[in-house]
Amino acid sequence: MTAPIPEPAHRSGCATCATSACCVRLEPELTGFDIARLARARGLAADEIARLAPGHGDLAQADGVLLDGPDRVWLLQLRPADPRAPRAERRCAFLLHLAPGVDRCGVYAHRPMLCRTFPTELTVAGVMVATPEAICPPNAWDIARTDLAGARQVHLRAAIERELHRAALARWNAAASEREAAPRDAVIAAFFAWLERVTAALEAALAPHLATPAAVEAAARDLDLPRDGDDRPADALGPSAGADAGPALVATLRAALDRFPEHRFR
Ligand code: SF4
Ligand code: SF4
């Protein structure tokens, strides 16, 4: 049983957006939690929801997945309808075309966290701001009319899930150099199977701590979230954390992660 994600009362211009540009031009990065929710709701396999795309830049980025050695990272992204389409026309596989100028999400109730929070962000100061890369139609968003309390809850849930996803990935990646060489397709299948198991354990450990808005706030505090400008998971969740794991929630989540050491490909 997992805690439902709140739906803010008002998300400004999305309901009437004529472009759905975010669903065409962006390829949201997913967590294991996003994939688990969509898989349950739609009866899909993880690789029908997500793909691992070549990453760019910093090899140490917290969302990078190491598949074939330490020299190249892959990013876990929402699967586009046509991965070979030009970047600006790469529609999300779940975007429904209803009529000219009317495209709507086909999995709205189960959409990934980044789809829920875009184009806003939560800073340490707790201020909601439009993200610099916002691509919405002019005047689509009116922060004054947006349900900020509801949006904060979604942001905190997203931050908690991303923190745990990154802590799990750190364990997978730590074993990259020890993993036996294998065809990439086989490693990807092993990765998705491992991600499904570790995410299920984390969902079960986390659910009792997300029952109310106050509980979500407390869970975020225990995990030291949100944090500005630092995408690494807290040291207390890491494989080499010391005996002092901090708050009880942190110890519970770390114990859930510790149950899945099978990070070596077999
Ligand atoms: S986030 Fe922006 S681009 Fe995406 S549906 Fe909402 S208004 Fe349109
Ligand atoms: S899951 Fe829905 S909201 Fe997210 S990119 Fe796809 S169509 Fe858009």
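Begin with the whole chain of this predicted model and look at how contacts link distant parts of the sequence: among contacts between residues at least 6 apart in sequence, 70% join residues at least 24 apart. Colour the chain by secondary structure next, and you should be able to count 8 helices and 7 strands. If you then colour by burial, 33% of the 266 residues in the chain come up as buried.

**The open sheet**

Select strand S1 (50-54), strand S2 (64-66) and strand S3 (residues 73-78) together. These 3 strands form an open sheet whose order is S1-S3-S2, and the pairing in it is antiparallel. S1 and S2 are the edge strands, since each of them pairs on one side only. From one strand to the next, the twist averages 45 degrees. Now zoom in on S2 and S3, which are joined over 3 bridges in the antiparallel sense, and find glycine 64, which has leucine 75 in S3 standing opposite.

**The hairpin**

Move on to strand S4 (residues 95-99) and strand S5 (residues 102-105), which pair in the antiparallel sense over 4 bridges. Two matched positions are worth selecting here: histidine 97 has aspartate 103 in S5 as its bridge partner, and alanine 99 stands opposite valine 102 in S5. The two strands form a hairpin with 2 residues between them, and in that turn glycine 101 has a positive phi of about 80 degrees. Is S4 buried or in the open? Of its 5 residues the number buried is 0, so S4 lies largely in the open.

**Two helices with buried residues**

Select helix H2 (residues 32-42), where the buried residues are Gly32, Phe33, Asp34, Ile35, Ala36, Arg37 and Leu38. The elements that cover them include helix H3 (46-49), S1, helix H4 (113-117), helix H5 (148-174) and helix H6 (184-206). Just after H2, pause at glycine 43, which takes a positive phi of about 65 degrees.

Continue to H6, which has 23 residues and reaches 32 Å from its first C-alpha to its last, close to the 33 Å expected at 1.5 Å a residue. Which residues of H6 are buried? They are Val187, Phe191, Phe192, Leu195, Val198, Thr199, Leu202, Glu203 and Leu206. As you follow these positions along the helix, keep in mind that an α-helix has 3.6 residues a turn, so residues three or four places apart point the same way. To see what the buried residues of H6 pack against, show H2, H3, S2, H5 and helix H8 (248-258).

**The two ligands**

Finish with the ligands, starting with ligand 1, and display the residues around it: Gly13, Cys14, Cys17, Thr19, Ser20, Ala21, Cys22, Phe118, Pro119, Ile135, Cys136 and Ala140. By class, the shell around ligand 1 has 9 nonpolar, 3 polar and no charged residues.

Then centre the view on ligand 2, which is surrounded by Cys23, Pro28, Leu78, Cys92, Phe94, Leu95, Cys105, Val107, Arg111, Pro112 and Cys115. How many residues of each class does the shell around ligand 2 have? Sorted by class, there are 10 nonpolar residues, no polar ones and 1 charged residue.

Technical notes
Residues are numbered from 1 along each chain as its sequence is written. Chains are lettered from A and ligands numbered from 1 in the order in which they are written. This is a predicted model: local features need pLDDT of at least 70, side-chain atom pairs count only at pLDDT 80 or more; totals for chains, interfaces and linings use all residues. A residue is near a molecule or strand if its C-beta atom, placed from the backbone, lies within 6 Å of it. Ala, Val, Leu, Ile, Met, Phe, Trp, Tyr, Cys and Pro count as nonpolar, Asp, Glu, Lys and Arg as charged, and the others, Gly among them, as polar. A residue is buried if 20 or more other C-beta atoms lie within 10 Å of its own, exposed if 12 or fewer, and partly exposed in between; C-beta atoms are placed from the backbone. Two strands pair if DSSP finds at least two bridges between them. Two residues are in contact if their C-beta atoms, placed from the backbone, lie within 7 Å. Axes are lines fitted to C-alpha atoms, for helices over the stretch in contact, and angles run from 0 to 180 degrees between N-to-C directions. The expected span of a helix is 1.5 Å times one less than its number of residues.
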